[in-house]
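Let's take a walk through this model together, starting from a small enclosed space and working outwards.

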Amino acid sequence: GVRFLICFILQHKLKRRSGDVTGAFLESKLKETVFLEMPEGLTFKGHKYVRLIKSLYGLKQAGRDWNDLQNKIILSFDPKLKQSKQDPCIYFKVEEGCKFIISVHVDDYVMGYDNDEYYDRFIEHYQSHVKFKVEDELRFILQMEIQWTENQVSLNQNRQIETLVRKYNLLDCKKVYHTPMEHRLRLEPGDKNDLPQVPYRELVASLLFISRYTRPDIAYAVNVLCRAATWYTMDHWKAATRVLKYLQNTTQHKLTYTRDADENVLSIYLDSDYGGDSIDRKSTQGGVILYHGNPIHWYCQKGKDIDLSSTEAEFKNFTTGFKETMYFYNLIEVEMGIQVTPILTWADNISSIFMTRQKISNGKTKHIEIPYFYAREMVIDKERFNPQHVGTEENTADILTKALQKGAFQKHRDSLVFSDKD
């Protein structure tokens with residue numbers, strides 16, 4: 001939700017602030033009876049055991065208690081300030097003359113507003129309950145660096161990339177990679193009982209964090225590497241270090257949002273690579289969700305079943321993509337009252353688009369499980385999505401389902417993460 005919130009602030013020309021609570025977990029009162037044994041050599045009024053009144057870091061219930069307390073404080077400020085049912089970490093008030101939105105991440109806050117008086121009253125209210133420090137500018141959140149201009153905002157994790165490069169001794173690497181994974185690379189499974197002595201899982205987990213937050217261009221490569229977490233080989237290790245070297249060479253590419261990049265509030269690009277996994281022949285699904293033309297969410301995942309045709313693979317991905325998009329539909333249209341439907345949906349398989357628009361069943365489709373017909377309900381009955389055809393060369397989601405050659409890869413990458421050197 002944090003990428004959506006940042007894009008929302010940009011699109012609606014809101015002022016932005018960040019904040020954090022000092023010693024957040026120490027603020028909430030314990031509901032349970034908990035006794036603490038004093039450290040050796042210390043007593044309290046002659047007693048070795050004391051009863052805790054407030055929570056402590058390390059207690060299992062500390063996080064929950066703090067969440068309950070901050071929720072109570074925020075909602076007590078204004079009855080019109082609502083907590084999202086779709087995402088309980090988002091609070092908002094969207095009215096004419098007053099837009100105010102907060103995203104909470106434990107004790108870190110992102111705030112957007114256009115009414116100074118309302119914002120000042122909220123800060124005063126919150127600081128009357130806890131030690132709340134407010135920063136003048138929103139520059140860092142969840143290890144992401146945020147850079148603002150008048151009509152754009154960019155997000156990057158270059159500090160994390162640099163730290164990983166140093167950690168895995170790649171500073172002196174001279175070879176330049178233009179793609180994160182070799183085209184048509186085949187990685188054979190290794191022996192689970194004789195794994196190479198390299199920190200493979202640790203590196204892949206770090207790459208996964210980066211791919212999920214600011215670098216969708218490495219999402220497919222990381223997804224393939226994650227599949228080998230229990231049977232990796234040195235070839236997998238080399239492929240993982242290649243991804244890191246690619247990131248090292250492309251730190252100028254950042255997730256960049258532009259105000260009014262597209263008049264469509266929400267739109268989606270979907271793609272599926274039929275039988276793309278060379279080991280078990282399962283398909284890979286991918287999708288990009290855009291808010292006013294800016295990528296706020298993407299996914300890459302391997303299908304659970306073997307598909308019998310490219311049409312089936314693409315049709316199933318409509319259901320996956322629609323389910324991912326419903327989070328934003330419920331948040332923006334249902335709760336905030338900003339119309340987003342029908343949501344323009346781009347795919348490059350004409351047969352699968354036809355299947356979403358027609359209530360038919362024949363010998364080639366009757367074996368498809370009932371849950372996947374959710375896509376038809378969303379298109380025909382509820383009219384929430386509007387599937388349209390787009391050529392493969394223009395389908396941005398293509399980068400999320402296969403390792404592309406340099407030209408095609410760079411074209412799709414540049415539509416997702418822009419270079420500040422262009």
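Start with the residues Leu 155, Asn 156, Gln 157, Asn 158, Ile 161, Thr 214, Arg 215, His 253, Lys 254 and Leu 255, which line the second largest cavity. Keep in mind that you are looking at a predicted model. The space inside this cavity comes to about 30 Å³. Three elements each give two or more residues to its lining: strand 11 (152-156), helix 4 (158-167) and strand 12. Strand 12 gives the most, with three residues. Sort the lining by class and you get three nonpolar, five polar and two charged residues.

Strand 12 is a handy way into the first sheet. Strand 12 covers residues 253-258 and is joined to strand 18 by three bridges, with the two strands running antiparallel. His 253, which we just met in the cavity lining, has Ser 419 in strand 18 as its bridge partner. Step back and you'll see that these strands belong to an open sheet of five, in the order 9-10-11-12-18, with antiparallel pairing. At the edges sit strand 9 (140-141) and strand 18 (417-419), each pairing on one side only. While you're at the strand 9 edge, have a look at the loop between strand 9 and strand 10 (144-148), where Leu 142 has its place. Leu 142 has a phi near 50°, a positive value in a residue other than glycine.

Now for the other cavity. The structure holds two cavities of 30 Å³ or more, and the largest has a volume of about 70 Å³. Its lining is made up of Thr 179, Pro 180, Met 181, Asp 217, Tyr 220, Ala 221, Ile 399, Lys 402, Ala 403, Leu 404 and Phe 409. By class, that's eight nonpolar, one polar and two charged residues.

Follow Tyr 220 from there and you arrive at the largest pocket, which has a volume of about 440 Å³. Tyr 220 is among the residues closest to the pocket's centre, together with Leu 185, Gly 276, Asp 277 and Ser 278, out of 22 that line it. The pocket lining divides into nine nonpolar, four polar and nine charged residues.

Next come two helices, and how are helix 6 and helix 7 oriented to each other, roughly parallel or roughly antiparallel? The axes of helix 6 (residues 219-226) and helix 7 (residues 234-249) come within 10 Å and cross at roughly 155°. An angle over 145 degrees counts as roughly antiparallel, so helix 6 and helix 7 are roughly antiparallel to each other. Their crossing is left-handed.

That leaves the second sheet. It is an open one of five strands, in the order 15-14-13-16-17, and its pairing is mixed. Strand 15 (294-302) and strand 17 (385-389) are the edge strands, each pairing on one side only. On average, neighbouring strands of this sheet are turned by 20° against each other, direction ignored. Strand 16 and strand 17 run parallel and are joined by five bridges. Look for Leu 344 here, standing opposite Asn 386 in strand 17.

One last stop is the loop between helix 8 (310-335) and strand 16 (343-347), where Pro 342 is found. The peptide bond leading from Thr 341 to Pro 342 is cis, with omega near -5°.

How values were computed:
Residues are numbered from 1 along each chain as its sequence is written. This is a predicted model: local features need pLDDT of at least 70, side-chain atom pairs count only at pLDDT 80 or more; totals for chains, interfaces and linings use all residues. Side-chain values use heavy atoms; hydrogens and water are left out. Two strands pair if DSSP finds at least two bridges between them. Helices (H or I, at least four residues) and strands (E, at least two) are DSSP runs, numbered from the N terminus. On a 1 Å grid over the protein atoms alone, a cavity is a set of points where a 1.4 Å probe fits but cannot get out, and a pocket is an open set with protein on both sides within 12 Å along at least five of seven lines; lining residues have an atom within 4 Å of a point. Grid points are joined across faces, edges and corners, and a volume is the space filled by probe spheres set on the points. Ala, Val, Leu, Ile, Met, Phe, Trp, Tyr, Cys and Pro count as nonpolar, Asp, Glu, Lys and Arg as charged, and the others, Gly among them, as polar. Axes are lines fitted to C-alpha atoms, for helices over the stretch in contact, and angles run from 0 to 180 degrees between N-to-C directions. Angles under 35 degrees count as roughly parallel, over 145 as roughly antiparallel, 65 to 115 as roughly perpendicular and the rest as oblique. A crossing is left-handed if the near helix is turned anticlockwise from the far one by less than a right angle, and right-handed if clockwise.
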